[in-house]
Amino acid sequence: MSSQQKILQEKIQDRSANVVVLGLGYVGLPLAVIFAEAGFKVIGVEPDQSKVDILMTGESYVQDVHSDKLTKLVNSGNLKATTDFSILAGADAVSICVPTPLRKTGDPDLSYILDATDEMAKYIHPGVVVVLESTTYPGTTREILLPKLTENSGLTVGEDFFLAFSPERVDPGREDWTTYNTPKVIGGITPACSDLASFWYQQALETVVPVSSAESAEMAKLLENTFRMINIGLVNEMAIMCDRLGLDVWEIIDAAATKPFGFMKFTPGPGLGGHCIPIDPLYLSWKLRALNYTARFIDLASEINTGMPRYVVNKVQDALNEQGLPLKGSKVLVIGAAYKPDVDDIRESPALDIIGLLLQKGAKVNYHDPYIPTIFHEDWSLESVPNLIESAGNADCAVIVTDHTVYDYDQVLERTPLIVDTRNALGDAGKGDERVVRL
Ligand SMILES: NC(=O)c1ccc[n+]([C@@H]2O[C@H](COP(=O)([O-])OP(=O)(O)OC[C@H]3O[C@@H](n4cnc5c(N)ncnc54)[C@H](O)[C@@H]3O)[C@@H](O)[C@H]2O)c1
């Protein structure tokens, strides 16, 4: 064990290590809270001044982090936020939790990782451990972060400083599996990096799962999310096939799910959403393309999933047609805009494509979502209607895109003249009702 490793391990053990989290979003803020609760002094560096200002009042802007918990940590001085990257000079342990979106071309956008690493490189010093949490393609930590952190510093990784990757697995809105108790995979650039990063995270999280390298940790995350994306693609295609066959896909899924082994239930829907599932597998296929390999399962599932909003809009058009109404000029209410139930996150939500397509076809579109008061899109912007049931009653057709649990579906069913239910939110009540078209 190098002397730097020993010193740092002691600082982590006695909680004198200064922890810094770069990026205080859906991932970084809960992580900062967990470290602060474990007794570390934590500073979050966040370029968005408005987030810093809100946080320093003890208010939370992330649904999964309760304000009362945050207030206590901020008041005790254990959790602070700043826009000033120079505090990295005094950091002992740094987690990088910045976004990894796609460019318009569909290629990975590593600009946030590059910017955060450049800041880290300015202040890199002996005796610091750096962990990248942002989802990315295998090789990013070694090929992108490592050279930037070593080229001007002359430091040796695994001896002077330590570098690892640990994918975040948070599932926003979930209360049984949280940042604290969801097992955390960690892989370092060297064995010493794995050991030290694991030791740090073990102080604050219930279970740490060390793997042999940063690349294994990066790839494990992509396997998890690719697995979900492909299974959702499969079940979406099942819905399309059942429709052609005149079969009820929901009944068939429930029947298959009675098998006690070898089957995992996935449900169809209006398309993929969120920051992870639609995007992460494309990081993997992009990397493989550079190695002359086509990730066929990913491409196929992506094609099916991205086609779902158009499929849903066709269902709306057909349902209106049955009533003798053209889509153009008809009043369509989109129920739920978030990418999944009970969250306030609209990133990549299929509701955006569905609303856009409906508008393109000349429908008069409104939406309701208790968690998304307004949507600003490149080509359009809308405000959530205040009263769901009243608007449902006034619409020619409603399309249930997000099955929030707060909705009173009995009332929606009672008051709406025509419904396309993409989530089986109405359940058995919608089955056999001629006003309801199910996916
Ligand atoms: N949200 C999820 O459910 C989830 C789950 C698992 C993994 N992830 C992954 O975690 C990463 C972060 O996702 P998120 O949902 O927290 O994103 P987010 O957009 O909510 O938060 C990222 C934060 O980083 C800040 N930021 C941007 N550039 C920065 C820089 N140079 N230095 C410091 N901060 C910077 C942004 O202002 C923002 O507040 C992504 O790679 C994502 O794929 C997200």
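**Close-up views of a predicted model**

**Figure 1. Surroundings of Ser198 in helix α7.** Beyond its neighbours within four places in sequence, Ser198 is in contact (heavy atoms within 4.5 Å) with Ile186, Val208 and Pro210. Ser198 belongs to helix α7, which spans residues 191-202; helices (H or I, at least four residues) and strands (E, at least two) are DSSP runs, numbered from the N terminus. With a relative accessibility of 4%, Ser198 counts as buried; buried means under 20% relative accessible area, exposed over 50%, and partly exposed in between, with a 1.4 Å probe and protein chains only. The model is predicted, so local features need pLDDT of at least 70 and side-chain atom pairs count only at pLDDT 80 or more, whereas totals for chains, interfaces and linings use all residues. Residues are numbered from 1 along each chain as its sequence is written, and side-chain values use heavy atoms, with hydrogens and water left out.

**Figure 2. Salt bridge between Glu37 and Lys69.** The closest N and O atoms of this pair are 3.7 Å apart; a salt bridge is a side-chain nitrogen of Lys or Arg within 4 Å of a carboxyl oxygen of Asp or Glu. Because Glu37 lies in helix α2 (residues 28-37) and Lys69 in helix α4 (residues 67-75), the pair ties together parts that are 32 residues apart in sequence. Both residues are partly exposed, Glu37 with a relative accessible area of 43% and Lys69 with a relative accessibility of 37%. In the whole structure, a search finds 21 salt bridges.

**Figure 3. Salt bridge between Glu215 and Arg142.** The side chains meet at an N to O distance of 2.6 Å. Glu215 in helix α8 (residues 214-245) and Arg142 in helix α6 (residues 140-150) are 73 residues apart, and the pair links distant parts of the chain. Glu215 is partly exposed at 22% relative accessibility, and Arg142 is also partly exposed, at 32%.

**Figure 4. Salt bridge between Lys431 and Asp248.** In this pair the N to O distance is 3.7 Å. Lys431 lies in the loop between β14 (419-421) and β15 (436-438), and Asp248 in the loop between α8 and α9 (249-256), so the salt bridge ties together parts that are 183 residues apart in sequence. Lys431 is partly exposed at 39% relative accessibility, whereas Asp248, at 19%, counts as buried. Elsewhere, Asp171, Arg174, Asp176 and Lys340 are joined into one network by salt bridges that share partners.

**Figure 5. The ligand and the residues around it.** The shell around the ligand holds 26 residues, of which Val27, Glu46, Lys51, Thr100 and Thr135 come nearest; a residue is near a molecule or strand if one of its heavy atoms lies within 4 Å of it. Helix α5 (residues 111-123) gives the most to this shell, with 3 residues. By type, the shell residues divide into 14 nonpolar, 6 polar and 6 charged; Ala, Val, Leu, Ile, Met, Phe, Trp, Tyr, Cys and Pro count as nonpolar, Asp, Glu, Lys and Arg as charged, and the others, Gly among them, as polar.

**Figure 6. Polar atoms of Gly23, Glu46 and Thr135 beside the ligand.** A polar backbone atom of Gly23 is 3.3 Å from a nitrogen atom of the ligand. An oxygen atom of the ligand lies 2.6 Å from a polar side-chain atom of Glu46, and a polar backbone atom of Thr135 is 3.0 Å from an oxygen atom of the ligand. On its own the ligand has 830 Å² of accessible area, and the protein covers 91% of it; accessible areas come from the Shrake-Rupley method with a 1.4 Å probe, and for residues only the protein chains shown count as cover.

Terms used: Polar contact = N/O pair within 3.5 Å; in protein donor to acceptor, adjacent residues only side chain to side chain.
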